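Okay, thanks for coming, everyone. I'd like to walk you through one structure today, a piece at a time. Here it is on the screen.

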Amino acid sequence: MQHRSRTHRVHRRRPSKRRWLKVVVFIALALPLAAVGALWMCFDDAPRVVYEGDLSQQSYEKAQEFIESHDPRTVGEGGVQTLVASEDEVNLVVNYAARRFHQAAARVALHPGAAVVHASVPVPSSPFGPWLNVQAVVRESPGLPVVDKLKLGAVRVPSFLADYALERILERYGAGEQGRVAKDMVKHVAFTDSQVKVVYEWRQDLVKRALSTLTSQDDQERFRAYSARLFQTVEGARRRNSMSLAELMTPLFRLAQQRSAEGNAAKENRAAIITLAFFATDRSLSTLIPAAASWPAPVPVTVTLGGRDDLAKHFLVSAALALEGGSALSDAIGVRKEVDDAKRFDRDREGFSFQDLVADKAGARFGSLAVKSPQKIQRGIAAGVKEADFMPPHKDLAENIPEPEFRKRYGGVGAPAYNNVVADIETRVARAPLLR
């Protein structure tokens, strides 16, 4: 009996081992599948948030005015400033900033002690779905608000993982360092049911860190290369007072063509255009890249297009704006301020200029092609470019038109007579050899 009992016990152990083996195999297979399934549920086929506010040019200008009115640089070293914004202002500025993600949109609802954020961010490269829909509840804390609840798509993220998940999202979109700068800068954020109050400190070291987040190390190296080529070009011109934009474009885009052999042609073109835009508008790259303050700087030269410096500015500013698409970098370049300056310039002359509009549209087309067809643009310029290759005929178009006469002759912006002139301008732009 004793022998039979031992045999029986042995036979009972063997099925137990098999069952454990099956469990281990099941877990080994199920965990990765569950992880993929959870990741799949984070993404959607459509955005859940569409900003319903006014997204006109006027609304963007209003957002820019709000940002400029709270420019922290108006506070001295070590200065503490308080920013107060209404819920409408928060949503306007947030969606203004969301333009850097193209079709991204957000909706913020303020409550006492907390804010509820809904956002939809396009992720076209995702194999799980083109949209990441985010829902978050952020609550007051001694410094930056903390994420109390977070939902990515249909997946609820545990609170202890929420801050980590948010950091990963910021890193994914290149805003990780910006988040760390904000954490060092912000002292307190308070929410009510109608306002948000932000108390922050502005220090010079944080300024440099904030600026450095706008350009990667690779981009900074690119800007340095084009700044050096621009310096050589201007110095070689024997200190002339003015130079044609075509004269400056050719050597910079020859360099872009050379560097693109082992690099990214669109990024090279972008750096070349922004370098030219800074130079033509008499701005220093050090306002964007602090390290640029130590780079050799070319002597100031008036950059002209069609013999006029204002047309060169219009062209390059529009090209830079087309490149950046309203991103944080385009704000740093100051393209919107330059456009506003151009508008004020037109008003000072008490007239509207269709010739300026030609430069605007040609520049926008050039900036767009520089990233969409980068090698084509490089070949066209490197071979030796003339102004007529990228600036259509414009001297026959009216300018300095007083507002009453403008409305009488063209009916105002958007009227049929005005649209006919604009259509003619667009046809001219499309026929320019470099812009085809």
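Before I point at anything, one term: two strands count as paired if DSSP finds at least two bridges between them. Keep that in mind, because we start with a hairpin: E5 and E6 form one, with 6 residues between them. And please remember throughout that this is a predicted model.

Let me give you the overall picture, then come back to that hairpin. The protein chain has 17 helices and 11 strands. Of its 436 residues, 43% count as buried. If you take the contacts in the chain with a separation of 6 or more, residues 24 or more positions apart account for 69% of them.

Right, back to strand E5. That's residues 131–139. Which strands does E5 pair with? Start with the hairpin partner: E6, residues 146–152, runs antiparallel to E5, and 6 bridges join the two. If you want one pair to find on the screen, look for Arg139, whose bridge partner in E6 is Val146.

Then there's E4, residues 114–122, which pairs with E5 in the antiparallel sense over 9 bridges. Here you can look for Ala119, with Val134 as its bridge partner in E5.

And there's a short one, E1, just residues 43–44. E1 is also antiparallel to E5, and 2 bridges join them. Asp44 is the one to look for here, and its partner in E5 is Trp131.

So is E5 enclosed or open? Well, 7 of its 9 residues are buried, so the strand is largely enclosed by the rest of the structure. The cut-off for buried, by the way, is under 20% relative accessible area. While we're on strands, a general reminder: in a regular strand the side chains alternate between the two faces of the sheet.

Stay in this area for a second and find Pro47. Pro47 sits in the loop between E1 and helix H2. Where does Pro47 make its contacts, once you leave aside the neighbours within four places in sequence? With Ser120, Trp131 and Asn133. Trp131 is the residue we just met as the bridge partner of Asp44. As for Ser120, that residue is 73 residues from Pro47 along the chain, yet their C-alpha atoms are separated by 5.4 Å. Pro47 itself is partly exposed, because its relative accessible area is 32%.

Okay, on to the helices. I'd like you to look at H8, residues 245–260, and to begin with at how it packs against H7, residues 217–236. Their axes are 10 Å apart, at an angle of about 140°. That makes H7 oblique to H8, and the crossing is right-handed. On the H7 side, the residues in this contact include Tyr226 and Leu230, and on the H8 side they include Leu248 and Leu252. By class, there are 9 nonpolar, 2 polar and 5 charged residues in the contact.

Now the other partner of H8, which is H14, residues 374–382. The axes of H8 and H14 come within 8 Å and cross at roughly 135°. Again, that makes H8 oblique to H14, but here the crossing is left-handed. Among the residues that meet are Met249 and Phe253 from H8, with Ile377 and Ile381 from H14. The classes here come to 6 nonpolar, 4 polar and 2 charged.

One residue in H8 to zoom in on is Thr250. Is Thr250 buried or exposed? Thr250 counts as buried, because its relative accessibility is 11%. Leaving aside the neighbours within four places, Thr250 is in contact with Ile381, Ala382, Gly384 and Val385.

Last stop: backbone oddities. Generally speaking, most residues other than glycine have a negative phi. Asp282 isn't a glycine, but has a positive phi of about 60°. You'll find Asp282 in the loop between helix H9 and strand E11. With a relative accessible area of 64%, Asp282 is exposed.

Asn400 is another one, with a positive phi of about 55° although it is not a glycine. Asn400 is in the loop between helices H15 and H16, and its relative accessible area of 37% makes it partly exposed.

That's my tour. Happy to rotate the view if anyone wants another look.

Technical notes
Residues are numbered from 1 along each chain as its sequence is written. This is a predicted model: local features need pLDDT of at least 70, side-chain atom pairs count only at pLDDT 80 or more; totals for chains, interfaces and linings use all residues. Side-chain values use heavy atoms; hydrogens and water are left out. Buried means under 20% relative accessible area, exposed over 50%, partly exposed in between (1.4 Å probe, protein chains only). Helices (H or I, at least four residues) and strands (E, at least two) are DSSP runs, numbered from the N terminus. Axes are lines fitted to C-alpha atoms, for helices over the stretch in contact, and angles run from 0 to 180 degrees between N-to-C directions. Angles under 35 degrees count as roughly parallel, over 145 as roughly antiparallel, 65 to 115 as roughly perpendicular and the rest as oblique. A crossing is left-handed if the near helix is turned anticlockwise from the far one by less than a right angle, and right-handed if clockwise. Contact means heavy atoms within 4.5 Å. Ala, Val, Leu, Ile, Met, Phe, Trp, Tyr, Cys and Pro count as nonpolar, Asp, Glu, Lys and Arg as charged, and the others, Gly among them, as polar.
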